[in-house]
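Biologist: I'd like a close look at a single spot in this protein, and then a walk from there through whatever else catches your eye. Could you keep it friendly for a first-year student?

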Amino acid sequence: MSEGDGTTARITNPKVATLAPTWRRYRGVSVLFDNPGTRAKSGVTPLENIPIDDPERQRLYDDLADVVTDVDLDGMRERFGFCPLPRYSYHVTICDGPNERDIAEDGPSRRAHVAVVINQLPGSLPRLPDALGFLCRARLLPTVAANPVTFEAASIAIWSHVLAARLEPDGRSSQVALERVTRARAELADDLRAQLDLRMQPWRPHVSLGYFPNCDAAKAAKATLARWNQTLTTRPLPPITFSAASIYGFTDMVSFLRLGV
């Protein structure tokens with residue numbers, strides 16, 4: 001599968017522009033765990049520019065990037081049009097907020113004000129507290145700070161268009177902390193439904209590793225999952241601990257910006 005055989009014409013994933021890969025504009029807001037070992041900064045900071053004081057705390061990301069390279073990356077791209085995400089974009093989403101596809105649909109009048117902010121990202125990110133005050137005041141952020149969660153990479157999965165490393169809590173204390181964070185996330189999901197008529201999907205903590213151009217390619221690639229997961233078995237990966245979360249804007253699937261306070 002390559003761009004030369006017409007695969008580009010079959011790109012139905014709204015996040016992929018070409019198989020180079022290049023990424024289609026896709027703007028929105030989410031709550032993400034702050035990557036561990038990073039230094040908090042006020043204002044707006046691109047994810048890749050956030051200072052890292054302790055790179056060792058992100059070793060899981062480094063190892064996952066190595067796994068993507070080691071499991072026949074060239075073959076995955078040729079056979080399935082797989083578009084790997086760059087290492088600097090790795091993150092774990094807690095709760096999706098509004099994105100440009102959501103707000104393009106009919107809904108409450110409040111969406112019009114939010115649409116202006118979303119459509120003007122990234123420059124409008126500092127105005128987010130005015131447009132989405134309930135998001136900025138959500139109990140989710142302090143709940144994460146009070147309940148650090150350590151995850152381990154449990155398996156590699158394909159969901160819809162995405163190849164992901166599925167995360168599970170590492171031990172009982174992290175399971176309890178995750179349950180508390182999940183309850184706070186559910187409260188924010190209720191607010192998003194009440195304020196903007198947006199419905200959140202159930203949370204599956206994961207690290208996105210790359211995207212497929214269409215669902216048929218993703219379905220065909222599931223035949224490779226045994227090999228991916230065998231790699232995890234033979235190459236145990238370190239856990240990763242998250243102890244803070246922030247609101248992030250994004251303009252495509254590799255361009256995230258942290259709104260610091």
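Biologist: Let's take R57. What does R57 count as, going by its relative accessibility?

Modeller: One thing before we zoom in: what you see is a predicted model. R57 counts as partly exposed, because its relative accessibility is 38%, and that label covers values between the buried limit of 20% and the exposed limit of 50%. To find R57, go to the loop between β4 and α1. Now look for F242: R57 and F242 are 185 residues apart in sequence, yet their C-alpha atoms are 9.5 Å apart in space.

That loop has another residue worth a click. D53 also lies between β4 and α1, while R39 is in the loop between β3 and β4. D53 and R39 form a salt bridge, with their closest N and O atoms 2.9 Å apart. The pair sits 14 residues apart in sequence, so the salt bridge ties together those two loops. D53 is partly exposed, with a relative accessible area of 49%, and R39 is partly exposed too, at 44%.

The idea behind this is simple: side chains of opposite charge can pair when their charged atoms come close. The structure holds 13 salt bridges, so let's visit a few of them. D34 pairs with R258, with 3.3 Å between the closest N and O atoms. D34 is in the loop between β3 and β4, R258 is in strand β12, and the two are 224 residues apart in sequence, so this salt bridge ties together parts from far along the chain. D34 and R258 are both buried.

Next, go to R139 and E187, a salt bridge with its closest N and O atoms 2.8 Å apart. R139 is in the loop between α6 and α7, E187 belongs to helix α8, and 48 residues separate them, which makes this a link between distant parts of the chain. R139 has 42% relative accessibility and counts as partly exposed; E187 gets the same label at 37%. Salt bridges can also join up: R25, R27 and E100 are linked in a network.

Now for a charged residue without a partner. D252, in strand β11, is buried yet has no salt bridge. The nearest side chain of opposite charge belongs to R25, and that one is 9.1 Å away. Since a salt bridge needs a nitrogen and a carboxyl oxygen within 4 Å, R25 is too far from D252 to count. What the D252 side chain does reach is the backbone nitrogen of V254, at 2.9 Å.

Next comes the largest pocket, with a volume of about 1,200 Å³. It is lined by 38 residues, and those closest to its centre are K15, Y26, D96, Q201 and H206. β3, β6, α3 and β9 each supply at least two residues of the lining. β6 gives the largest share, six residues. By type, the lining divides into 18 nonpolar, 12 polar and eight charged residues.

For another pair that is far apart along the chain, try A221 in helix α9. A221 counts as buried, with 0% relative accessibility. Its C-alpha atom is 9.3 Å from that of L163, although the two residues are 58 apart along the chain.

Finally, some backbone details to hunt for. The peptide bond from A20 to P21 is cis, with omega near 0°, and you will find P21 in the loop between β1 and β2. L121 and P122 are also joined by a cis peptide bond, with omega about 10°; P122 is in the loop between α4 and α5. Then look at phi: D72 has a positive value near 55° without being a glycine. D72 lies in the loop between α1 and α2 and is partly exposed, at 37% relative accessible area. S160 is another non-glycine residue with a positive phi near 55°, this time in the loop between β7 and β8.

Notes: Residues are numbered from 1 along each chain as its sequence is written. This is a predicted model: local features need pLDDT of at least 70, side-chain atom pairs count only at pLDDT 80 or more; totals for chains, interfaces and linings use all residues. Side-chain values use heavy atoms; hydrogens and water are left out. On a 1 Å grid over the protein atoms alone, a cavity is a set of points where a 1.4 Å probe fits but cannot get out, and a pocket is an open set with protein on both sides within 12 Å along at least five of seven lines; lining residues have an atom within 4 Å of a point. Grid points are joined across faces, edges and corners, and a volume is the space filled by probe spheres set on the points. Helices (H or I, at least four residues) and strands (E, at least two) are DSSP runs, numbered from the N terminus. Ala, Val, Leu, Ile, Met, Phe, Trp, Tyr, Cys and Pro count as nonpolar, Asp, Glu, Lys and Arg as charged, and the others, Gly among them, as polar. Buried means under 20% relative accessible area, exposed over 50%, partly exposed in between (1.4 Å probe, protein chains only). Lys and Arg count as positive and Asp and Glu as negative; His and the chain ends are not counted. A polar contact is a pair of N or O atoms within 3.5 Å; within protein, one must be able to donate a hydrogen and the other to accept it, and residues adjacent in sequence count only if both atoms are side-chain atoms.
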